[in-house]
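Please work through the exercises below with the sequence and the model open side by side, and try each task before reading its solution.

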Amino acid sequence: MTFGQYIKQLRTDKAYSQPELALKMNVEQSYLSKLENDKSVPSNDVFRKLLAALDMDIAAFMQGIESSGMQHELRQIPDIEMWSRAHSNKQQLSRKQWLSAAIISISLGGALLFSGHEKIFFPETQYEYVSAGVLLDGEPLQVFENWGTLAVPFEEQHVRDKVNQYYKQFAQRRDPKSKLLFTYRGESFVETDAQGRRFYEEETNKRKQVIRSENAWMQFLGVFSLIAGITMGSLQRAWFKP
């Protein structure tokens with residue numbers, strides 16, 4: 001479709017005769033006939049009169065010729081040149097924004113997929129640490145395990161009653177507490193809570209692998225983000241034509 005044919009189509013769509021449109025534009029019918037037969041290109045002033053007569057803005061007018069191939073030859077009309085330049089800049093900005101979003105989506109998807117697969121944020125090895133009871137000030141860390149030699153004075157170890165007394169004392173003080181952790185804290189560690197100082201040792205025979213749904217969700221979101229990013233990167237060429 002040529003520019004003249006486009007004007008004729010718009011006139012026909014509005015149900016205007018050629019004389020009626022020429023009158024609305026305040027131009028000679030012969031001049032409008034030249035425009036419709038592609039024998040002349042309107043000046044910027046005539047172009048504005050055409051838009052006013054058709055009750056259109058430039059964006060609506062240009063929408064009909066964007067894909068026709070005649071946009072380039074009409075850039076000699078200043079209003080069309082300005083609109084085309086602004087539209088092109090807007091298209092370039094939108095394209096860059098979509099490309100940036102696609103890159104971010106792909107990067108995020110790869111990071112989520114890798115993190116979920118490698119269990120970086122949600123480890124699946126569970127460690128169990130056990131504490132026998134609260135330690136008193138000055139007591140050795142393993143007093144509950146070795147109370148017979150650590151707590152009972154050497155000179156009293158042969159006295160059965162004394163030993164039984166210490167045994168009952170430590171039996172009463174026993175307050176086992178365990179912690180299930182996904183972070184390895186070594187073979188043992190000391191921690192202070194509301195009751196006092198506790199010594200925790202790992203139960204190495206109770207390590208186990210636990211499936212955590214968080215990792216599966218991270219991998220799912222990673223794949224989704226990757227596909228979304230690749231799709232956005234592919235479609236932006238069709239959506240934002242230069």
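The exercises concern a predicted model, and they go from the overall layout to helices, cores, salt bridges and a surface patch.

**Exercise 1. Layout of the chain**

Task: State how many helices and strands the protein chain has, and in what order the elements run.

Solution: Counting the elements gives nine helices and five strands. Read from the N terminus on, their order is α-α-α-α-α-α-β-α-α-β-β-β-β-α. Of the 242 residues in the protein chain, 31% count as buried. Turning to contacts between residues at least 6 apart in sequence, 66% of them join residues at least 24 apart. The surface that the protein chain exposes comes to about 15600 Å², of which carbon and sulfur atoms supply 54%.

**Exercise 2. The span of helix H6**

Task: Compare the expected span of helix H6 with the distance between its end C-alpha atoms.

Solution: Helix H6 covers residues 78–118, which is 41 residues. The expected span is 1.5 Å times one less than the number of residues, so for H6 the expectation is 60 Å. The end C-alpha atoms of H6 are 60 Å apart, which agrees with that expectation. The buried residues of the helix include Asp79, Ile80, Trp83 and Ser84, and also Gln91, Ala102, Gly109 and Gly116. After H6 comes lysine 119, whose phi is positive, near 55°.

**Exercise 3. The largest nonpolar core**

Task: Identify which residues of the largest nonpolar core touch the most other members, and which helix supplies the largest share.

Solution: The core has 25 residues, and those touching the most other members are Leu21, Met25, Leu32, Leu50, Phe61, Ile65 and Leu74. Tracing the members back to their elements, H1 (3–13), H2 (18–25), H3 (29–36), H4 (44–54), H5 (58–63) and H6 each supply at least two residues. The largest share, six residues, comes from H4.

Looking at H4 itself, the buried residues are Asn44, Val46, Phe47, Leu50, Leu51, Ala53 and Leu54, and their cover includes H1, H2, H3, H5 and H6. Just after H4, aspartate 55 takes a positive phi of about 55°.

For a view from a single side of the core, take phenylalanine 61: leaving out residues up to four places away in sequence, phenylalanine 61 touches Phe3, Tyr6, Leu10, Phe47, Leu50, Leu51 and Met56. A second, separate core has six residues, including Leu135, Val143, Phe144 and Phe199.

**Exercise 4. Three salt bridges**

Task: For the salt bridges of lysine 206, arginine 173 and arginine 198, find the partner and decide whether each residue is buried or partly exposed.

Solution: The count of salt bridges comes to twelve. In the first pair, the side chain of lysine 206 meets that of glutamate 128, at 4.0 Å from N to O. Lysine 206 is in the loop between strand S4 (197–202) and strand S5 (208–209), while glutamate 128 is in strand S1 (residues 125–135), and the two are 78 residues apart. A residue is buried when its relative accessible area is under 20%; glutamate 128, at 15%, is therefore buried, whereas lysine 206, at 40%, is partly exposed.

In the second pair, arginine 173 and glutamate 139 meet at 2.7 Å, N to O. Arginine 173 belongs to helix H8 (residues 160–173) and glutamate 139 to the loop between S1 and helix H7 (147–150), 34 residues apart. Both arginine 173 and glutamate 139 are buried.

In the third pair, arginine 198 and aspartate 175 meet at 2.9 Å, N to O. Because arginine 198 lies in strand S4 and aspartate 175 in strand S2 (residues 174–181), the pair ties together parts that are 23 residues apart in sequence. Arginine 198 is buried, with a relative accessible area of 0%, but aspartate 175, at 30%, counts as partly exposed. Salt bridges with shared partners join Asp175, Lys177, Asp193 and Arg198 into one network.

**Exercise 5. A nonpolar surface patch**

Task: Name the residues that make the nonpolar surface patch of about 340 Å².

Solution: The patch is made by Phe114, Ile120 and Phe121. Of these residues, isoleucine 120 lies in the loop between H6 and S1, and with a relative accessible area of 45% isoleucine 120 is partly exposed.

Notes: Residues are numbered from 1 along each chain as its sequence is written. This is a predicted model: local features need pLDDT of at least 70, side-chain atom pairs count only at pLDDT 80 or more; totals for chains, interfaces and linings use all residues. Side-chain values use heavy atoms; hydrogens and water are left out. Helices (H or I, at least four residues) and strands (E, at least two) are DSSP runs, numbered from the N terminus. Buried means under 20% relative accessible area, exposed over 50%, partly exposed in between (1.4 Å probe, protein chains only). A nonpolar core is a set of buried Ala, Val, Leu, Ile, Met, Phe, Trp, Tyr and Cys residues joined through side-chain atoms within 4.5 Å. Contact means heavy atoms within 4.5 Å. Patches are made of residues with over 30% relative accessible area and no salt bridge: like charges are joined within 9 Å, nonpolar side chains (Val, Leu, Ile, Met, Phe, Trp, Tyr) within 5 Å. Accessible areas come from the Shrake-Rupley method with a 1.4 Å probe; for residues, only the protein chains shown count as cover.
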